[in-house]
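Colleague: Could you walk me through this one? I'd like to go region by region and hear the reasoning behind each answer.

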Amino acid sequence: MTISTSNGHANGHENGLKHHLKHSQTPTTGAIIPPISLSTTYKQDEVGVHKGFEYSRSGNPNRDALERTLVSLEAGAGHAIAFASGSATTATVLQSLGPNAHVLSVNDVYGGTFRYITRVAKETLGTESTFVDLENTTDEEILGAMKENTKLIWIETPTNPTLRLINIPRIVALARQAPSKPLVLVDNTFLSPFYASPLLQGADIVIHSLTKYINGHSDVVMGAAILPSSSTPDRDYDGLVQKLRFLQNAHGAVPSAFDCWLAQRGAKTLAVRMKAHGLNALRVASFLSSHPAVEHVIYPGLASHPRHALARASLSPHTEQFLSTIPPSSLAHGIPYGGMVSFRVRGGSRSAETLLPRLRLFALAESLGGVESLAELPAQMTHASIPPAEREALGIEGLVRLSCGIEEAEDLVEDLRRALEGLEDEDSGCESGLVTPSDVSDDGRGAADGVIELH
């Protein structure tokens with residue numbers, strides 16, 4: 001079946017989350033689990049005549065196999081390039097723009113991306129940057145922020161860590177109107193190919209930190225850039241892929257064969273894991289929305305979220321199929337929409353710092369997307385590189401970010417309930433008025449008032 005939209009791209013694949021498993025079989029032996037090719041060099045039959053591999057920096061059987069898997073996973077994809085990390089992916093994409101390019105980015109962007117654009121790319125390439133609220137800014141303001149040398153629009157959706165939603169087709173349409181015809185890049189790490197298909201919405205490049213959901217086991221550091229298969233009159237994807245591969249080979253930002261093998265193994269269970277991540281996050285968000293110690297909850301999957309309709313409309317074909325198997329009564333108060341939940345406790349940053357060490361199942365750690373649940377304070381951890389005034393303006397200060405794993409949902413709720421109970425006892429000295437997990441309604445009431453006001 002070909003998956004397509006009017007403004008997107010098609011890859012002619014069947015459901016990619018099933019299709020990619022065919023690539024795991026080794027043609028020569030029939031082995032279901034592919035071997036790990038650790039060789040750094042390859043014998044040539046004659047000078048310049050080889051079997052597709054010369055030197056592992058330039059190409060490796062495990063990396064090739066992983067890249068084929070990524071093409072099958074990301075609906076609309078035709079090319080995938082695996083890098084040594086998500087940061088290496090970011091660096092290579094920005095290098096491909098050349099010197100003195102202008103990048104228009106969502107203002108609530110991952111701290112590492114902000115650091116690379118404003119420090120490394122600026123100092124080494126002369127890259128200019130403008131950070132804009134792509135969620136709330138008008139079309140005229142976005143068009144006005146573009147320059148003659150604007151070559152790239154950088155989107156995260158949901159953003160990290162405030163989970164703001166960007167309307168990808170809207171930004172794509174604006175990019176096509178601009179004289180410079182900038183490429184539109186979407187960092188799809190938070191939702192993974194299971195919940196979102198940005199290429200089908202018209203994006204030119206999708207990037208992932210494979211470290212997160214696609215690998216899913218917190219034991220690989222890796223990234224990838226994924227592009228459509230067919231070039232258009234104003235979009236030479238084949239040429240861009242060649243440039244990215246040249247840069248990657250030139251500066252050696254390649255993943256190891258073993259890491260590629262691990263990531264391909266993890267990708268096999270992506271769909272199963274993402275279903276559990278999403279259902280657990282929905283349950284956790286519903287619980288937090290009803291808790292008296294919690295001031296704000298942000299989870300676009302909650303029906304009460306002000307941009308829930310956009311979240312629902314942006315779902316991938318994989319998720320639409322998943323939701324069709326869930327009884328409608330179970331979706332009355334929301335839908336699974338990835339595994340990330342952000343919230344703010346009463347008492348601000350001090351209370352958040354007190355809360356996190358109390359958690360037992362949620363490990364206090366950076367990163368996300370693994371099978372285990374994690375919790376962090378972005379202002380002091382993943383987003384510490386963003387200036388304090390900007391963190392405050394974006395609503396990052398005092399915000400707690402949860403990566404909901406695949407443990408039992410009620411165990412996660414109980415872990416949060418216990419930690420919040422201790423927080424209330426310590427901070428307020430009054431009766432907690434707690435609601436036990438069995439008493440909590442999943443209706444998500446309070447979330448509409450609990451979305452951070454971003455200016």
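**Rings, sheets and a helix**

Modeller: Let's start with a ring: F194 has 2% relative accessibility, so F194 counts as buried. Keep in mind that this is a predicted model.

Colleague: Is F322 buried or exposed?

Modeller: The cut-off for buried is under 20% relative accessible area. F322 comes in at 7%, so F322 is buried.

Colleague: What kind of aromatic pair do F194 and F322 form?

Modeller: Their centres are 6.0 Å apart, with 55° between the planes. F194 belongs to helix 7 (residues 192-195) and F322 to helix 12 (residues 317-323), so to speak a link between distant parts of the chain, 128 residues apart. Planes under 30 degrees apart would count as stacked and over 60 as edge-to-face. The F194 and F322 pair is therefore neither of those, and its class is tilted.

Colleague: Which residues make up the cluster that ring pairs link?

Modeller: Two of them you have just met, F194 and F322. Y195 joins them, and the cluster is F194, Y195 and F322.

Colleague: How far apart are the ring centres of Y42 and F53?

Modeller: Both residues sit in the loop between helix 1 (16-19) and helix 2 (61-73), eleven residues apart. Y42 and F53 are both buried. Their planes make 40°, so this pair is tilted, and the centres are apart by 5.5 Å.

Colleague: On to the sheets. What is the strand order in the open sheet of seven strands?

Modeller: Strand 1 (77-83) and strand 3 (128-132) are the edge strands, each pairing on one side only. The pairing is mixed, and the order is 1-7-6-5-4-2-3.

Colleague: How many bridges join strand 4 to strand 5?

Modeller: Strand 4 covers residues 150-156 and strand 5 residues 183-187, and the two run parallel. Among the facing residues, I155 stands opposite V186, and E156 stands opposite D187. The bridge count is five.

Colleague: Which residue of strand 4 is the bridge partner of S105?

Modeller: Strand 2 and strand 4 pair in the parallel sense over four bridges. Strand 4 is mostly covered, with six of its seven residues buried. The partner of S105 there is W154.

Colleague: What angle does helix 3 make with strand 6?

Modeller: Helix 3 (residues 86-96) lies across strand 1, strand 2, strand 4, strand 5, strand 6 and strand 7. Its direction relative to strand 6 (205-209) is about 155°.

Colleague: Where does helix 4 bend?

Modeller: Helix 4 (residues 111-125) has 15 residues and reaches 19 Å from its first C-alpha to its last, close to the 21 Å expected. The bend is about 30°, and the residue is I117.

Colleague: And what is the phi of G126, the residue that follows helix 4?

Modeller: Several residues of helix 4 are buried, including F114, Y116 and I117. What covers the buried residues includes helix 3, strand 2, strand 3, strand 4 and helix 14 (388-394). Just after helix 4 comes G126, with a positive phi near 70°.

Colleague: Which strands stand at the edges of the open sheet of five strands?

Modeller: The order is 8-9-12-11-10, with mixed pairing. The two edge strands each have a single partner strand, so one side of each is left without a neighbour in the sheet. They are strand 8 (294-298) and strand 10 (363-364).

Colleague: Which residue of strand 12 stands opposite L374?

Modeller: Strand 11 (residues 374-376) and strand 12 (residues 400-403) pair in the antiparallel sense over three bridges. Opposite L374 stands S403.

Colleague: Last one: what angle does helix 13 make with strand 9?

Modeller: Helix 10 (residues 270-289) also packs on this sheet, touching strand 8, strand 9 (340-345) and strand 12, and its direction makes about 15° with that of strand 9. Helix 13 (residues 348-355) lies across strand 9 and strand 12. Its angle to strand 9 is about 120°.

How values were computed: Residues are numbered from 1 along each chain as its sequence is written. This is a predicted model: local features need pLDDT of at least 70, side-chain atom pairs count only at pLDDT 80 or more; totals for chains, interfaces and linings use all residues. Side-chain values use heavy atoms; hydrogens and water are left out. Two strands pair if DSSP finds at least two bridges between them. Contact means heavy atoms within 4.5 Å. Axes are lines fitted to C-alpha atoms, for helices over the stretch in contact, and angles run from 0 to 180 degrees between N-to-C directions. Rings of Phe, Tyr and Trp (its six-membered ring) pair if their centres lie within 6.5 Å; planes under 30 degrees apart count as stacked, over 60 as edge-to-face and the rest as tilted. Buried means under 20% relative accessible area, exposed over 50%, partly exposed in between (1.4 Å probe, protein chains only). The expected span of a helix is 1.5 Å times one less than its number of residues. The bend at a residue is the angle between axes fitted to the seven residues ending there and the seven starting there.
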